[in-house]
Amino acid sequence: MHPSEAPRPANDAEPAATVILLRDSARGIEVLLLERPHHRGSFAGAWVFPGGRVDPEDAAAVAAGDEQAAARQAAARETLEETGLTVTVESLVTVARWTPSETQARRFQTWFYYAKAPGDPVVLNPDESVDHIWISPADALERHASGLFRLAPPTWVSLSALVGADSADHALARARAAAPDYFESRFHADPRVVLWEGDVSFGAPELVDAEGPRHRLDMTVLPWRYERTS
């Protein structure tokens with residue numbers, strides 16, 4: 001979808017931002033994942049990218065009504081608060097915007113960004129995370145498939161998009177050259193199948209088994225299966 005065709009923000013979803021920090025290693029490109037506390041907070045027990053909601057001070061720092069500028073402010077602030085790593089607002093490369101299903105009790109409409117990781121050590125905020133790991137996207141997905149990692153669908157799909165990237169610079173250049181993806185999640189009758197625009201059954205769940213284009217994540221069994229034909 002071209003940026004000019006971006007869907008309007010969901011009015012009842014809280015704005016949020018996430019940063020996918022990238023670095024190169026002898027084993028290839030790696031991302032930073034944080035393990036959330038297991039018994040409290042959002043995404044309890046899951047491995048996530050740094051990020052969080054857009055606070056009023058983030059919005060106050062930019063022009064009124066500039067949703068993404070406020071999200072960029074939040075992305076840089078949350079990264080510093082959660083990891084001790086500094087990324088500049090200017091260094092963030094927009095990758096996607098995720099809008100959760102209307103069936104969710106609390107909804108966060110989240111901008112996802114790439115950024116090249118600084119070389120400083122990670123310093124965790126113990127109120128936010130209990131562990132961290134630098135890991136290749138393929139290894140993270142393998143750990144999820146074996147049941148060792150809990151991942152949310154946006155994290156899983158974001159990791160899958162990075163499999164095969166030659167380097168952090170390659171991933172950043174590819175993202176700069178592409179329009180952001182807009183994921184507005186909807187569920188089939190089985191909540192383990194999530195659908196996005198471009199799927200034959202998006203907005204028409206009765207067509208979930210029909211022939212046609214696919215844009216869905218099947219979470220019925222491990223490993224999850226992502227299908228995108230458009």
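This passage describes the aromatic contacts and a cis peptide bond in a predicted model.

The structure contains eight aromatic pairs. In one of them, the ring centres of Trp-98 and Trp-196 are separated by 5.5 Å and the ring planes meet at 85°, so the arrangement is edge-to-face, given that planes over 60 degrees apart are assigned to that class. Because Trp-98 belongs to strand E5 (residues 93-99), whereas Trp-196 is placed in the loop between strand E10 (193-195) and strand E11 (215-218), the pair ties together parts that lie 98 residues apart in sequence. Trp-98 and Trp-196 are each buried. Ring pairs further join these two tryptophans with Phe-112, Phe-183 and Tyr-226 into a cluster.

Another pair is formed by Trp-156 and Trp-224, whose ring centres are 6.0 Å apart and whose planes stand at 45°, so this pair is tilted. Here too distant parts of the chain are linked, with Trp-156 located in helix H4 (residues 153-162) and Trp-224 in the loop between E11 and strand E12 (225-228), at a separation of 68 residues. Both Trp-156 and Trp-224 are buried.

The loop between E11 and E12, which contains Trp-224, also holds Pro-223. The peptide bond leading from Leu-222 to Pro-223 is cis, with omega near -5°, whereas most peptide bonds are trans.

A contact between a charged side chain and an aromatic ring is also present, in which Arg-186 lies over the face of Phe-202 at 4.1 Å from the ring centre.

How values were computed:
Residues numbered from 1 in each chain as written. Predicted model: local features only at pLDDT ≥ 70, side-chain atom pairs only at ≥ 80, totals over all residues. Heavy atoms only, no water. Phe/Tyr/Trp six-rings, centres within 6.5 Å; stacked < 30°, edge-to-face > 60°. Helix = DSSP H or I, 4+ residues; strand = E, 2+ residues; numbered from the N terminus. Buried < 20%, exposed > 50% of the residue type's maximum accessible area, 1.4 Å probe, protein only. Lys NZ or Arg CZ within 6 Å of the ring centre and 35° of its normal.
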